[in-house]
Amino acid sequence: MSEPLLEIRDAVAGFSEPVVGPVSFSLVAGEVIGLAGPNGAGKSTLLGAIIGSTRLFSGTIRRREGIRLAVQ
């Protein structure tokens, strides 16, 4: 297996307080993932933590050097 492009370990994220987590997963080249859940479950908050626009309260988010992320 190749080195992950993105590795999330026990991430807890939110704005003024945690709203999602802990979440753990890794993504390697060629994989496709999706986030599903009801309104208010924290999908956009988690994506925000991955790109750095929302607060990561605990856990780690590691991106392989040179990786660029975009939320569409």
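Here are a few numbered notes on this structure, which is a predicted model.

1. Start with the fold. You'll find one helix and three strands here, and walking along the sequence gives the order β-β-α-β. The radius of gyration is 12 Å, close to the 11 Å that the globule rule gives for 72 residues, so the protein is as compact as a globular protein of that length.

2. On overall dimensions, the C-alpha atoms fit a box of roughly 35 × 20 × 20 Å along the principal axes. The accessible surface adds up to about 5000 Å², and carbon and sulfur atoms account for 51% of that. Buried residues are 29% of the 72.

3. A word on how the chain comes together. Take the contacts between residues at least 6 apart in sequence: 53% of them join residues at least 24 apart.

4. Charges next. There are 7 positive and 6 negative ones, and the mean positions of the two sets lie 5 Å apart.

5. Now the helix, α1, which covers residues 43-51. Which of its residues are buried? Thr45, Leu46, Gly48, Ala49 and Ile50. The cover over these residues includes all three strands by name: β1 (6-14), β2 (18-27) and β3 (55-63). Just after α1 comes Gly52, with a positive phi near 95°.

6. Have a look at Thr45 in α1. Is Thr45 buried or exposed? Its relative accessibility is 10%, and the cut-off for buried is under 20%, so Thr45 counts as buried. Setting aside neighbours within four places in sequence, Thr45 contacts Ala13, Gly14, Phe15, Val19, Val20 and Thr54. Of these partners, Ala13 and Gly14 fall in the β1 range (6-14), while Val19 and Val20 fall in the β2 range (18-27).

7. The largest nonpolar core has twelve residues: Leu6, Ile8, Ala11, Ala13, Val20, Val23, Phe25, Leu27, Leu46, Ala49, Ile50 and Ile61. Which elements give two or more residues to this core? β1, β2 and α1 do. Ala13 and Val20, both in this core, are also among the contacts of Thr45.

8. Last, Ile50, which is one of the buried residues of α1 and a member of that core. Leaving out residues up to four places away in sequence, Ile50 touches Leu6, Ile8, Phe25, Ile61, Arg63 and Leu69. Among those partners, Leu6, Ile8, Phe25 and Ile61 belong to the largest nonpolar core as well.

Key:
Residues numbered from 1 in each chain as written. Predicted model: local features only at pLDDT ≥ 70, side-chain atom pairs only at ≥ 80, totals over all residues. Heavy atoms only, no water. Helix = DSSP H or I, 4+ residues; strand = E, 2+ residues; numbered from the N terminus. Rg over C-alpha atoms; globule rule 2.2 N^0.38 Å. Buried < 20%, exposed > 50% of the residue type's maximum accessible area, 1.4 Å probe, protein only. Contact = heavy atoms within 4.5 Å. Areas by Shrake-Rupley, 256 points an atom, 1.4 Å probe, with all protein chains shown as cover. Lys, Arg positive; Asp, Glu negative; His and termini not counted. Charge placed at Lys NZ, Arg CZ, Asp CG, Glu CD. Core = buried A, V, L, I, M, F, W, Y, C linked by side-chain atoms within 4.5 Å.
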